[in-house]
Amino acid sequence: RERERERASSRTGEKMQFRTARAPAGIGPSPRLRYGSRCRAVSSMEGDTFAVTGATGLVGRQLVKLLIGRGDKVNVLTRDPARARETLGSFSQLGFYGKDEWMQGVDGSRVVVNLAGEPISTRWSKGVKKEIYDSRVLTTRLLSDLIRECEKKPEVFVSGSAIGYYGTSLGQTFSEQSPPGSDFLARVCQDWEEAAMRASSEDTRVVCLRTGLVLSKEGGVLEKMVPIFQLFVGSPLGQGDQWMSWIHRDDLCDLILHSAQNAELSGAVNGTAPEPQTMNTFCRDLAGLLERPMFMPPVPDLPLQVLLGEGAVLVLEGQKVVPNRAQETGFEFKYPKLRQALQHATKY
C-alpha cells in the first residue's frame, strides 16, 4: 500500500510539472499583479470576452493578437466578416459579426473596444470629411445605443478618440484637463467622445482614449516616412518645430487593457508617450536609426498645402500632449523614449 501511495504521489507530481511546462509563452501574471493594487482586474484566468470594432486596422490587429495570447475570446464587429476572417485568421477564440449582428457580439461581452474610423491622412474633400466624421461619430453612437440596450451590459467601453481634440499649438502643453480646440478635427473628437459617453451608466464605465501618432512599420506615419528616408530624400516637413505626440503600438494596446482593468480611469485618457518631440528631432532620430544622412532641406509649407489642402494641418501643425492620467494610475510604458520606440518599430 505504501508503494502504491508513493507511485500515485509521483504520478501527481509529474502531472503538475507537465502542466507547468505547458503554460503558454507570453501569458504573464494576472492583471491585478501586473498593474498593482489600484487596478480592478477585469480579465479572469479563464479568459474574458472582448467585442472589438476596427479589428483589422493597425492597432486592432495587434490588440486581437494580444487578447488571443492571453486566452480571451474576441468578438470582431465588422462590416465585412469574410474579409475580417481572411485578415485575422480562423481561430477558435474569434467570432465574426456583420453590422446587423453587432448586438449579438456586444451583449454579454465584458469589454467593448471601439477602434473604428476612416484614415485622415489624405486630402480633405467634402466627401472625405463626411467619411471621417460618420465613421467615428455615427459608429460610436450605434455602439453606445447597443450597449444601453444589452441585457448583460459590458463593464467597460474603451472608445477611440484623438489628440486632435486639443487643436494645435507650438507653445502649449495639453493634458486631459485642457480645453478643446475649434478646428475640424477638434469638433470631430468632441462629438466622438460625446457619442461614447452616451453608454456611461452604473453598469458601464467609459474611457475615451485620445491617441497620438502610432508608431509601427505596418502602417501609420512610419509606413510613409521610412521608404522616403531609405531613399536618402527624407527631411522634416514644414518648419520642423511642430510637436509630434507619438506612442508605440504595443504601448497603445497595453494602455487599452490598462484602461479596461483600472476602475480609476473614466472619461478622457491621453494615449501618448511621456516625451513628445519636435518634427526635427523625430526626423533626425529616424534618419540615424536607418543609417541615412539627412541633407535634404525641409519641405516647404506651400506644396503640402496644395497637395493636402486642409489636411496639411496634420503634418504642418501639431500639439504637445502628455499622458497624465495613464501615469497617475500606474501605467508603465515599454517605450517611453522616441529613439527606443523607433528602433523597435522600424524592425518588428
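Of the 348 residues in the protein, 47% are buried, where buried stands for under 20% relative accessible area, exposed for over 50%, and partly exposed for anything in between (1.4 Å probe, protein chains only). The model is a predicted one, so to speak of a local feature takes a pLDDT of at least 70 and to count a side-chain atom pair takes pLDDT 80 or more, while totals for chains, interfaces and linings use all residues. Residues are numbered from 1 along each chain as its sequence is written, and side-chain values rest on heavy atoms, with hydrogens and water left out.

The accessible surface adds up to about 17500 Å², and carbon and sulfur atoms account for 51% of that; these areas come from the Shrake-Rupley method with a 1.4 Å probe, and for residues only the protein chains shown count as cover. As for the fold, there are 14 helices and 13 strands. Both are DSSP runs numbered from the N terminus, with helices being H or I runs of at least four residues and strands E runs of at least two. Contacts (heavy atoms within 4.5 Å) often link distant parts of the sequence: among those between residues at least 6 apart, 79% join residues at least 24 apart.

Next come the charged pairs. Side chains of opposite charge can pair when their charged atoms come close. Here a salt bridge is a side-chain nitrogen of Lys or Arg within 4 Å of a carboxyl oxygen of Asp or Glu, and a search of the whole structure turns up 14 of them. In one, Asp 48 pairs with Arg 110, with 2.9 Å between the closest N and O atoms. Asp 48 sits in the loop between helix H2 (31–35) and strand S1 (49–53), and Arg 110 in the loop between helix H5 (102–106) and strand S4 (111–114), so this pair ties together parts 62 residues apart in sequence. Asp 48 is buried at 7% relative accessibility, whereas Arg 110 is partly exposed at 23%.

Another salt bridge brings together the side chains of Asp 254 and Lys 334, at 3.4 Å from N to O. Asp 254 belongs to helix H9 (residues 249–261) and Lys 334 to the loop between helix H13 (324–328) and helix H14 (338–345), so parts that are 80 residues apart in sequence are tied together. Asp 254 is buried, with a relative accessible area of 5%, while Lys 334 comes out partly exposed at 42%.

A more local case is found in helix H13, where Glu 328 and Arg 325 lie three residues apart, about one turn of the helix. Their side chains meet in a salt bridge of 3.0 Å, N to O. Glu 328 is partly exposed at 45% relative accessibility, and Arg 325 counts as buried at 18%. Elsewhere, salt bridges that share partners link Asp 48, Arg 110 and Glu 155 into one network.

Arg 85 is a residue of helix H4 (residues 81–88) and is partly exposed, at 35% relative accessibility. Leaving aside residues up to four places away in sequence, Arg 85 touches Ser 90 and Phe 96. Gly 95 is 10 residues from Arg 85 in sequence, and their C-alpha atoms are 8.9 Å apart.

Finally, the cysteines. With a disulfide taken as a pair of cysteine sulfur atoms within 2.5 Å, the count is zero. Cys 189 is buried, at 3% relative accessible area, and Cys 253 is buried too, at 2%.
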